[in-house]
Structure formats: C-alpha cells, structure tokens
Amino acid sequence: MEEIHRIVETIQQTGLKGVLATIIRVEGSAYRKEGTSMLFLEDGSQIGVLSAGCLEAALAHSVPDILASGASRSFAFDMQSSDPLSWGEETGCGGVVHVALEPVNDVLAAHLGTLKQYLEVRSEVKLVKRFDANGSVIDYGFLTRDQHLFGEWRGEFPPSLLEWTPPGESPRSGRQFVAALQSDVFVHTYYPKPRLILFGAGPDARPLAAIAAKTGFSVTVSDWRTDYCERRYFPDAESIFIGFPEETMQLIHVTPDDYAVVMTHNFRRDQQLIRLLFERQLGYLGILGSKARTERLLRDRPVQMKVHSPVGLAIGAEGPEEIAVSILAEIIQTYRTKRKLSSDSR
C-alpha cells in the first residue's frame, strides 16, 4: 500500500527536518510506480522505499543540500545502462526513474496534514505538481472529489484538472500535458487505507490484524467476547467494537471498498454475520473454516456476492501465522486486481 499515510504520521510526530521524495515518471520497468513516495529525515532515517536499494543511497546524499537550500530538485536515474552507476554497481532494472525531492517546510507539512485528514474520512485526494525547466516544484495543489482545493497553487487551477474519474475507477499517475498551462504537470491520486474488518477476535485473528496493519490496511475488529476483544491483543487496530452482530453492524458502516473476514468459530454467530453482510455491499468476504462448514452456513440462503471459502490462497498454510499470510495474500490479490481492472478500463 502507499507509504503516504506512514510518511505524514512521521512528519507530524517528529521534530526532525525531512525531504519528501516522489517518483514522478517511469520509462520502462522499475521496482515502484509513479506516485510512490518516501521520506528522508535529517538524522539519516528513512520511511518507505522507492526501489530495491538502487536509488536510496544516491538520493540520501542530496538530502543535506536540499535541506540547506530549501529548494526542490528533480533527478533522473538511468537503470537501463550497462555501465556501472556512480553510486553503486550495475542494476539491470531496465528503466529510467525520475524522482522529485522537496524539503518538508512548515507549509508543506500543514498541507500534508490536511491530506491525512481527508484520507482518514475515506476521501480520495488528487495531487498536482508543476515544475520549472530545472525540475524544481513551483506549484502544487491537492484536490478532493468535492472540489476543495488546498496547497500552494499560483493563478487559476486548470479546469481540466478539476475533472475526476468515476468512483471505482483508478486514474493513472504520472506526467501529463495541460493545454491551459502549456506545460506538463505531475498528477497522482491518494486513496484512503483499504479497510479490513475482522469479525472474530480469537487468537488466530491477532496475527492477521498485526500483519494487515503492517501492510497498510486500516484494521477494525469486532467480537461480543470481552476477554478476546481487548486492545492489548490488537494494538495496531484503528477500531475495536464489542457487541453481538446485530449491535456492531449498526456501528460499522460497510462500503464496497471494505474487506471482511468472518472468523468467530461460532456457527450461530457466523450465520448472523453472514446474513447481515449479505444485506450490504463488500469488496471481499472471506469465511474461515472448511468448505463443508461454509456450505452449511450458506444453506437455503441466496448468495449475493462472491464468498471466499476456504478463505486465503491455497499455500498449504498451517497455524495462525501462516493462515494469516494466506488470507492477507488473497485480499491483496483482490485489491490489486480491482485497481488494475479499473485502471485498464479507462
């Protein structure tokens, strides 16, 4: 998932100066795509990655100069050359990667904080950057779907950039020519964290919640058993709901972008949850248990959505940790497939 969530949290929590690095263009193949960001802090620490280690060392060398000058810069890294690169050995990645470095001053930090607020209420935000001939950022603006514009944009914002793709479709990131400006701009859309809702807080739910949060999901946990549903077992969960299915489903507003796994190990409660979830739209519904058990759960009940059961990819997983990996792998596969299909449909 995108690192922007963790990057902004770090900016808000640390008193250190930093430099934001963003891939603005890729020619050929590369480890990460346009829009990928990472943060370099003045103490040498880094949040996120842009490559498999090919670019970070070279970019880190430029961080002190960027912080000292207060000016942004752009770099192009030719990964298709057969000659050894000046900052390391030959990579053989086969592409050209363009990266913009920007010092995170108080103004940019404030705008990134506003970005985070919108993402937390599950709103998409479009970023537009304009560069001068030397590759320095001269304008940037953040635009929400309800047409709220914030940032440092001088002059009129191009009308063509006010347009959004239909909900559910993924716009492509990268540089594009804007006739009104007679220049290229970089455009990227930030998305809220995908949400994983775990119905069931037993011991096998704990590694799934932990790995999902580490991967970039917003995790919600729901269970009626208070001795299971404790914060100490789910320190990284953003929300914990204690109550029976009828109660908690009134508090959890499920959307088509949500992913849910039913794993209470209580047959009657699973039946209740499935009935309630079938009344809503979900991006993914997984049911823990054998195929025969799921068939019993769904008996005499019209299936209104695709149900993943047995939940998870078939990797021969054993034990809570391996099963958690298989479940999350299937969810990520579903998430990426939906993003690719919506992008390819444009």
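How many bridges join strand β1 to strand β5, and in which sense do the two run? Nine bridges link β1 (residues 18–28) to β5 (residues 95–103), and the strands run antiparallel. Keep in mind while looking around that this is a predicted model.

**The sheet around β1 and β5**

That pair belongs to an open sheet of five strands, ordered β3-β2-β1-β5-β4, with antiparallel pairing. At its edges sit β3 (46–47) and β4 (73–78), each of which pairs on one side only. Two helices go with this sheet. Helix α1 (residues 4–13) packs on it and touches β1, β2 (37–41) and β3, with its direction making about 25° with that of β2. Helix α2 (residues 56–69) lies across β1, β2, β3, β4 and β5, and it runs at about 25° to β5.

If you want to check the register between β1 and β5, try Arg 25, which stands opposite His 98 in β5. Another handle is Glu 27, whose bridge partner in β5 is Val 96. Moving on to the β4 pairing, β4 and β5 are joined in the antiparallel sense over six bridges, and here Phe 75 stands opposite Val 99 of β5.

So much for the partners of β5; what about its cover? Nine of the nine residues in β5 are buried, leaving the strand mostly covered. Gly 95, Val 97, Val 99, Leu 101 and Pro 103 point one way from the strand, while Val 96, His 98, Ala 100 and Glu 102 point the other way, and all are buried. His 98, the residue opposite Arg 25, is thus listed with the buried set, along with Glu 102.

**A second five-stranded sheet**

Further along the chain, five strands form another open sheet, in the order β8-β7-β6-β10-β9, again with antiparallel pairing. Its edge strands are β8 (149–152) and β9 (174–178), and each pairs on one side only. On average, neighbouring strands here are turned by 25° against each other, ignoring direction. Edge strand β9 pairs with β10 (residues 183–190) in the antiparallel sense over five bridges. Within that pairing, Val 178 has Ser 183 of β10 as its bridge partner.

**Helices α4, α6 and α7**

Helix α4 covers residues 205–215, and its buried residues include Ala 205, Pro 207, Leu 208, Ala 209, Ala 212 and Ala 213. Just after the helix comes Gly 216, with a positive phi near 120°.

Which way do α6 and α7 cross, right-handed or left-handed? Start with the geometry: α6 (residues 267–278) and α7 (residues 291–298) pack at an angle of about 60°, with their axes 10 Å apart. That angle makes α6 oblique to α7. As for the hand, α6 passes α7 in a right-handed crossing. From α6, the contact draws on Phe 267, Asp 270, Gln 271, Ile 274 and Phe 278, and from α7 on Arg 293, Arg 296, Leu 297 and Leu 298.

**Backbone oddities in the loops**

Two residues have a positive phi although neither is a glycine, and here they are with their places.

| Residue | Phi | Loop |
|---|---|---|
| Arg 122 | about 65° | between α3 (106–120) and β6 (125–131) |
| His 265 | about 65° | between β14 (258–262) and α6 |

How covered are they? Arg 122 has 34% relative accessibility and so counts as partly exposed. His 265, at 56%, counts as exposed, because the cut-off for that class is over 50%.

There's also a cis peptide bond, joining Ser 309 and Pro 310, with omega about -5°. Pro 310 sits in the loop between β16 (307–308) and α8.

**Ser 326 in α8**

Helix α8 (residues 319–344) holds Ser 326. Is this serine buried or exposed? Its relative accessibility is 3%, so Ser 326 counts as buried. The Ser 326 side chain reaches the backbone oxygen of Ile 323 at 2.8 Å. Setting aside neighbours within four places in sequence, Ser 326 is in contact with Gly 312, Leu 313, Ile 315 and Ala 317.

Key
Residues are numbered from 1 along each chain as its sequence is written. This is a predicted model: local features need pLDDT of at least 70, side-chain atom pairs count only at pLDDT 80 or more; totals for chains, interfaces and linings use all residues. Side-chain values use heavy atoms; hydrogens and water are left out. Two strands pair if DSSP finds at least two bridges between them. Helices (H or I, at least four residues) and strands (E, at least two) are DSSP runs, numbered from the N terminus. Contact means heavy atoms within 4.5 Å. Axes are lines fitted to C-alpha atoms, for helices over the stretch in contact, and angles run from 0 to 180 degrees between N-to-C directions. Buried means under 20% relative accessible area, exposed over 50%, partly exposed in between (1.4 Å probe, protein chains only). A polar contact is a pair of N or O atoms within 3.5 Å; within protein, one must be able to donate a hydrogen and the other to accept it, and residues adjacent in sequence count only if both atoms are side-chain atoms. Angles under 35 degrees count as roughly parallel, over 145 as roughly antiparallel, 65 to 115 as roughly perpendicular and the rest as oblique. A crossing is left-handed if the near helix is turned anticlockwise from the far one by less than a right angle, and right-handed if clockwise.
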